[in-house]
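Student: I have a chain to look at and some questions about how it is built. Can we go through them one by one?

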Amino acid sequence: MEFKTEKSAVVFNGRVFYVVQEQVRYPDGRLAEVDVVRHAGAVAVLPVDADGQLVLIRQYRHPVGEMLLEIPAGRLEAGEEPEACAQRELQEEIGMRAGWLRRLGGFYPAVGYTDEYLHVFLAGDLKASELPGDEDELIELERLSPSTALSMAARGEIADAKTMIALFWARDELARL
């Protein structure tokens, strides 16, 4: 099957992403208009401290108007490797650097409207190493046992998809902590 983009126009160009409106020719000849949020991609990191506790962050998320409990995460900079981004985000958001990172996987969080791809890591052997955070973030750290975090996700108390996916992907390894 061949889908062909006939036309593409940037209709918004922001700090984090841009939006294009595209005309797509479907294999059966139909022409459809599609709005796409173009995004550089991101990383999300599930950090585990020396005591086996997860280091999560609680931060205000304006689009949903709530303080959410999440794993550290952030957007890839131009040319930045996912592992380097993961280390930078840990330093900016929890003031730590990981001695090791293990890739858990990756996923597209919202395929209906964006091309964003999220790389997910498990991190350990954390050492103090702070970088200044983003000016639009107000972050509180929370340490939780893996079983508490998994239970909270199962009860809907953790509503962030990347955090739930990371917990699910790492649950067997976390159970051994």
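Tutor: Yes. Keep in mind that the model is predicted. We start with one residue, P132.

Student: Is P132 buried or exposed?

Tutor: The relative accessible area of P132 is 70%. A residue counts as exposed over 50%. Therefore P132 is exposed.

Student: Where along the chain is P132 placed?

Tutor: Look at two strands, β9 and β10. Strand β9 covers 118-128, and β10 covers 139-144. P132 has its place in the loop between β9 and β10.

Student: What separates the C-alpha atoms of P132 and E92?

Tutor: Along the chain, P132 and E92 are 40 residues apart. In space, their C-alpha atoms are separated by 5.5 Å.

Student: Which order do the strands take in the open sheet of three strands?

Tutor: The pairing in this sheet is antiparallel. Its edge strands are β6 (66-70) and β10 (139-144), and each pairs on one side only. From one strand to the next, the twist averages 30 degrees. The order is β6-β5-β10.

Student: What holds paired strands together in a sheet?

Tutor: Strands can pair parallel or antiparallel. Either way, they pair through backbone hydrogen bonds.

Student: Over how many bridges do β5 and β10 pair?

Tutor: Strand β5 spans residues 54-61 and pairs with β10 in the antiparallel sense. The pairing runs over six bridges.

Student: Which residue in β10 stands opposite R58?

Tutor: R58 falls within residues 54-61, the span of β5. Opposite R58, in β10, stands E140.

Student: Which helix lies across β5, β6 and β10?

Tutor: Look for a helix running at about 110 degrees to β10. This helix spans residues 146-154. Its name is α2.

Student: How many helices and strands does the chain have?

Tutor: Read along the sequence, and the pattern is β-β-β-β-β-β-β-α-β-β-β-α-α. The count is three helices and 10 strands.

Student: What percentage of the residues of the chain count as buried?

Tutor: Buried means under 20% relative accessible area. The chain has 177 residues. Of these, the buried share is 42%.

Student: What share of the accessible surface belongs to carbon and sulfur atoms?

Tutor: The accessible surface of the chain comes to about 10100 Å². Carbon and sulfur atoms account for 51%.

Student: How far apart are the mean positions of the positive and negative charges?

Tutor: The chain has 19 positive and 31 negative charges. Take the mean position of each set. The two are apart by 4 Å.

Terms used:
Residues numbered from 1 in each chain as written. Predicted model: local features only at pLDDT ≥ 70, side-chain atom pairs only at ≥ 80, totals over all residues. Heavy atoms only, no water. Pairing = 2+ DSSP bridges. Helix = DSSP H or I, 4+ residues; strand = E, 2+ residues; numbered from the N terminus. Axes fitted to C-alpha atoms, helices over the stretch in contact; angles between N-to-C directions. Contact = heavy atoms within 4.5 Å. Buried < 20%, exposed > 50% of the residue type's maximum accessible area, 1.4 Å probe, protein only. Areas by Shrake-Rupley, 256 points an atom, 1.4 Å probe, with all protein chains shown as cover. Lys, Arg positive; Asp, Glu negative; His and termini not counted. Charge placed at Lys NZ, Arg CZ, Asp CG, Glu CD.
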